[in-house]
Each structure stands twice: as C-alpha cells, then as structure tokens.
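Please look over the model shown here with its cysteines and charged side chains in mind. The questions and answers that follow take up these two topics in turn.

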Amino acid sequence: MKLTRRFQIVALICYSGMLPLAAAQEKRPHVQVRGIYGGVPDELLEQHQTLDACGINAIWMGSGSLTVERVALLREQRARVYAEFNTLHVAGYLKDHMDAAPVGADGQVSPPPKGWQGICPTHPGYRSFRMDDFRRVLRDFDLDGIWLDYHHSHASWERDEPDMPDTCFCRRCVGQFARETATDLPDEPLAQLAARILSRHADAWFQWRCDVFTDWVREFHAIRDQTRPQALLGTFHCPWTDTDYDGALRNKLAIDLKAQARYIDVFSIMPYHARFGHASDPAWISRQTSWLGNHLGIRGEPGERIRIWPIVQLADWGENVSVAQVASVLDHGTRLPATGVMVFHWGSLRRQNEKAAAMVDFYRAIRP
C-alpha cells in the first residue's frame, strides 16, 4: 500500500531514526508499559510498521470493540492487550428498567448531569447484568488485563466545572443504607428522607455509598480470579485529591481509593490537564500522580503489588494540546511513582500526524 502523507513522519521515526530525539528524554527502565488508548492503530500497521519499532507495547480498547482477530493481531505485534469495561454508565439499560435510574435529593429521578447518565448502584438486575458481561469478556478474550471505567456515581466530573448531584435516594438505596448502618429512619417522603440523611447522617451515608461501589470492585476481583487469574484488574478514575471540590472524590463520586486498593492491581489516574483547566501546566499531571502514590503508599519500586499507570491527554478535548507539549505531557506522565503510561486517545491522534510522531519519538527514547 502506498505510504500516506499523513504518516510519512511517523514512518521515518520508526524506521530510519532520521528525526532527532528530544534532548531532555532519557531511558526510563521503571516504565513497564508505553500504551495507546482507543483501539488498534491500524494507520501504523497498514504501513507494515510494528508497534515495537515505535516504542509501543500495550493497547487499550473498549470491551465492545474486542474481537478474536484484533487480539490475535496485537499478539503478533507482541503488544499487551487491555480491555476497558463500562461499569455504571450503560445508559441503554434504563430503556426497559427505569427503576434503575438514580433518584436525586428532591425525591425525583435525577436528570443526567451534562448528559452523563449513571445507574443506581444497588439495582440487583443491573449489577448482575454487568457482572455477567465482565465474566464473558474475560472468558472469551485472551487479555492481559481489564480496566473498570465509569465506576462512580451519577455525576459528570470530566470537565473543568463538574456537575455532581447528590444521589441515589431511591427506596431501595435508602432502605439498604438504614439496614446496613443501623440508622433509624422514619417513614417519610423521599425528599424529606434525603434532607434528613444529608443533614444528620451525612458521613455515614457517604461512607456507605463508597462501600457499595467498593463491593462491586470486590466482586469484579473475584470474577477475575475465577475466570482469568493472570489478568490485571485496573481502574480508570478521577485524578482529584481527597480534598478537591470539598472532598468530592468520596462525598460525591463514591470513590474510596484505599478501600478499592485491596482489589485493584493498577490505578490509572486520568489527569487530562487540558480538559480540567490546566492546559498550560502539564506538571499538574505528575503532581496528581505523586499525590496518589503518597495516598496509597505506592513508590513505583520493583515488586510492588499495586501500580500506577496514568492515562494522559494528547487529544484536543477541552483546550487543544499542542505538538510542542507532547513530550512534556509524557514526561510528567512517566515520572515515579508511575511505572506505565497510556495516551488518550488514538481516535484523535490518527488525524494528527505530528502529535503521533512526537509520541513515538518519546516512547522510543525512554524505552530501556
């Protein structure tokens, strides 16, 4: 096939080494994984390139995009294959199960914040639906790991101004909270119960919600152990600290990182600097990764059970990411305690050859 103009620069980097490496880049043997999120980079492979020649050794793709053929192709490329698995964001489930819609503090079904539709975390049918599909993905595909995604409450946080309503106050959630925390609640309309809980039992409520989401992780972990025990269990998660937005990581999103760490092998923090209001400050990436390492006691040393592999933004989402910033973004994404990194996302980079070239340049430079 004739080499397209778009990927001439990438081919030159991969094969001839004609373009100089950035002076600040050095070998980083602690970085085990140099990945791409967003599926098979066909544009590279169609030119008879290898992922290894470009410094790439891992690919993430949505579980719905997996095929036996794609996995086999990546195996031929000597690449690790990781799946992304949607946990609490299969909005289509509500079409036939409206009782799974989250209920807000007003006692009514909560509208999707900024269009982001979550699901009630205590709905038994929905949980079984996701667990069955999780088991199927692990059973049917030769994966090196599977990453939980959208594992948080009904909230739109992937923006510089997050929208995070208090949920879910359906009768099922409120009743389960009362039973499991031994909290005595009167028989009141849901709006009054929600107000009572948030004013008098807020801390117990927030912790109980975290425990519900953590229990999902426990079950995913058990299924992984039963179905494909050699696969890693990872999670894509919010990059905030425990004090950002008044403790929203716990109090709004129901994410208890320390509790989930009992079951998770890899934490893939999502420090999308341009999307989250830090477009001119790529160092925000390494600051957030450093906080996560301190919070969980992860240093990035050989032999640690838990690892940190951030997913960093090169795509133009929110504000644009310039070609000149690519090396800095990847530099901060590969600093300890991180021992792996992946780029968000190939769907954008396939149309931006200079960014793809800069990514390849960096990956090749740090490769041991």
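**Salt bridges and cysteines**

Glu 26, Arg 28, Asp 331 and Arg 335 are linked in a network of salt bridges, a salt bridge being a side-chain nitrogen of Lys or Arg within 4 Å of a carboxyl oxygen of Asp or Glu. This is a predicted model, in which local features need pLDDT of at least 70 and side-chain atom pairs count only at pLDDT 80 or more, while totals for chains, interfaces and linings use all residues. Residues are numbered from 1 along each chain as its sequence is written, and side-chain values use heavy atoms, with hydrogens and water left out.

Q: How many salt bridges does a search of the whole structure find?
A: The network formed by Glu 26, Arg 28, Asp 331 and Arg 335 belongs to this topic. For the whole structure, the search returns a total of 25 salt bridges.

Q: Which residue meets the side chain of Arg 28 in a salt bridge at 2.9 Å, N to O?
A: Arg 28 has 6% relative accessibility and therefore counts as buried, where buried means under 20% relative accessible area, exposed over 50% and partly exposed in between, with a 1.4 Å probe and protein chains only. The partner is partly exposed, with a relative accessible area of 37%. The residue whose side chain meets Arg 28 at that distance is Glu 26.

Q: How many residues apart are Glu 219 and Arg 127?
A: Their side chains meet in a salt bridge with an N to O distance of 2.8 Å. The pair links distant parts of the chain, since Glu 219 lies in helix 7 (residues 202–227) and Arg 127 in helix 4, and the separation is 92 residues. Helices here are DSSP runs of H or I with at least four residues, and strands are runs of E with at least two, numbered from the N terminus.

Q: Is Arg 127 buried or exposed?
A: Its salt-bridge partner, Glu 219, counts as partly exposed at 22% relative accessibility. Arg 127 has 16% relative accessibility, and so it counts as buried.

Q: How many disulfides does the structure hold?
A: A disulfide is taken as a pair of cysteine sulfur atoms within 2.5 Å. The sulfur of Cys 120 has its closest cysteine sulfur in Cys 173 at 3.5 Å, which is too far for a bond, and the sulfur of Cys 238 has its closest in Cys 210 at 12 Å, also too far. The number of disulfides in the structure is 0.
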